[in-house]
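Subject: Structure handover

Hi,

Here is the structure I promised to pass on. Have a look at it first, then read my notes underneath.

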Amino acid sequence: MSNDNTIMHDPDNILEVSHLKKYFPIKGGFFGGVTGNVKAVDDVSFSIKRGTTMGLVGESGCGKSTTGRTILRLIEKTEGTILFNGEDVSDVDKKKLRELRTKMQIIFQDPFSSLNPRMSVGQIISEGMQAHNMIKKKDARMQEMVLKIMDDCGLAPYFLHRFPHQFSGGQRQRIGIARAL
């Protein structure tokens, strides 16, 4: 890697992040202009090899979620390079970005706040499948696909119609993983 925010792509890596920065402007002053920045993510670099899993850990407020959201372009970066399969995600159009998001997901440590309390586990898992056009809402195979993913994540079939508050923290984590898959 060089200091000019470019990355030499390693084909063994699925994700490469170099010198990622995300600053949020602080507005104030007499005319309401920008008086400074909150440096939520400041010069983060890492890579993830194909077939591996990475956990991003740190104290509360250190920028873990902001890093993930910036990689997925849910929020735009201030500076840096993000390569997914060797492609710079900063340059992709909305259609390609939507396709990339089917292959990249964030799983939060405590997913309870990201689970809709009014939706059953089956609805939560199928929602992403529908959003990414993997299956139509009325497709008869929907329940079969959801049950397969639940099984892959160690969730019993009888959990299908239960709601998030009916699960332990570990089970909620599995629901978050199932939703990501």
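Below is what turned up, going from the sheet to the helices and then to the cysteines.

One thing to keep in mind from the start: this is a predicted model.

**The sheet**

Start with the strands. There are four of them in an open sheet, ordered 2-1-3-4, and the pairing is antiparallel. Strand 2 (33-49) and strand 4 (87-88) sit at the edges with a single partner strand each, so one side of each has no neighbour in the sheet.

Strand 1 and strand 2 run antiparallel and are joined by 13 bridges. One of the facing pairs is Glu16 with Ser47 of strand 2. If you follow the chain round the hairpin of these two strands, you pass four residues between them, and Gly29 there has a positive phi near 75 degrees. Strand 1 (residues 13-28) also pairs with strand 3 (residues 79-84), again antiparallel, over five bridges.

Leu15 is a good place to zoom in. This residue belongs to strand 1, and its bridge partner in strand 3 is Phe84. Going the other way, Ser47 is 32 residues from Leu15 in sequence, yet their C-alpha atoms are 5.5 Å apart in space. Setting aside neighbours within four places in sequence, Leu15 is in contact with Phe46, Ser47, Ile48, Ile71, Ile82, Leu83 and Phe84. Is Leu15 buried or exposed? Its relative accessible area is 8%, which is under the 20% cut-off, so Leu15 counts as buried.

**The helix across the sheet**

Helix 1 (residues 64-71) lies across strands 1, 2 and 3, and runs at about 110 degrees to strand 1. Thr66 is part of helix 1. With a relative accessible area of 16%, Thr66 is buried as well. Not counting residues up to four places away in sequence, Thr66 touches Lys22, Phe24, Ala40, Val41 and Ile75.

**Two nonpolar cores**

As general background, nonpolar side chains in soluble globular proteins tend to be buried together. Here, the largest nonpolar core has 19 residues, and Ile125, Met129, Val146, Met150 and Ile175 have the most contacts inside it. Helix 3 (121-131), helix 4 (142-152) and helix 5 (169-180) are the elements that give two or more residues to this core. Apart from it there is another core, of 15 residues, including Val17, Val41, Phe84 and Met104.

How do helix 3 and helix 4 meet? They pack at an angle of about 105 degrees, with their axes 10 Å apart. That angle falls between 65 and 115 degrees, so the two helices are roughly perpendicular to each other. On the helix 3 side, the contact is made by Val121, Gly122, Ile125, Ser126, Met129 and Gln130, and on the helix 4 side by Met142, Met145, Val146, Ile149 and Met150. Take Val146 on its own: leaving out residues up to four places away in sequence, Val146 touches Gly122, Ile125, Ser126, Met129 and Leu160.

**Cysteines**

How many disulfides does a search of the whole structure find? Zero. As for individual cysteines, Cys153 counts as buried at 8% relative accessibility, whereas Cys62, at 37%, counts as partly exposed.

Happy browsing!

Terms used
Residues are numbered from 1 along each chain as its sequence is written. This is a predicted model: local features need pLDDT of at least 70, side-chain atom pairs count only at pLDDT 80 or more; totals for chains, interfaces and linings use all residues. Side-chain values use heavy atoms; hydrogens and water are left out. Two strands pair if DSSP finds at least two bridges between them. Contact means heavy atoms within 4.5 Å. Axes are lines fitted to C-alpha atoms, for helices over the stretch in contact, and angles run from 0 to 180 degrees between N-to-C directions. A disulfide is a pair of cysteine sulfur atoms within 2.5 Å. Buried means under 20% relative accessible area, exposed over 50%, partly exposed in between (1.4 Å probe, protein chains only). A nonpolar core is a set of buried Ala, Val, Leu, Ile, Met, Phe, Trp, Tyr and Cys residues joined through side-chain atoms within 4.5 Å. Angles under 35 degrees count as roughly parallel, over 145 as roughly antiparallel, 65 to 115 as roughly perpendicular and the rest as oblique.
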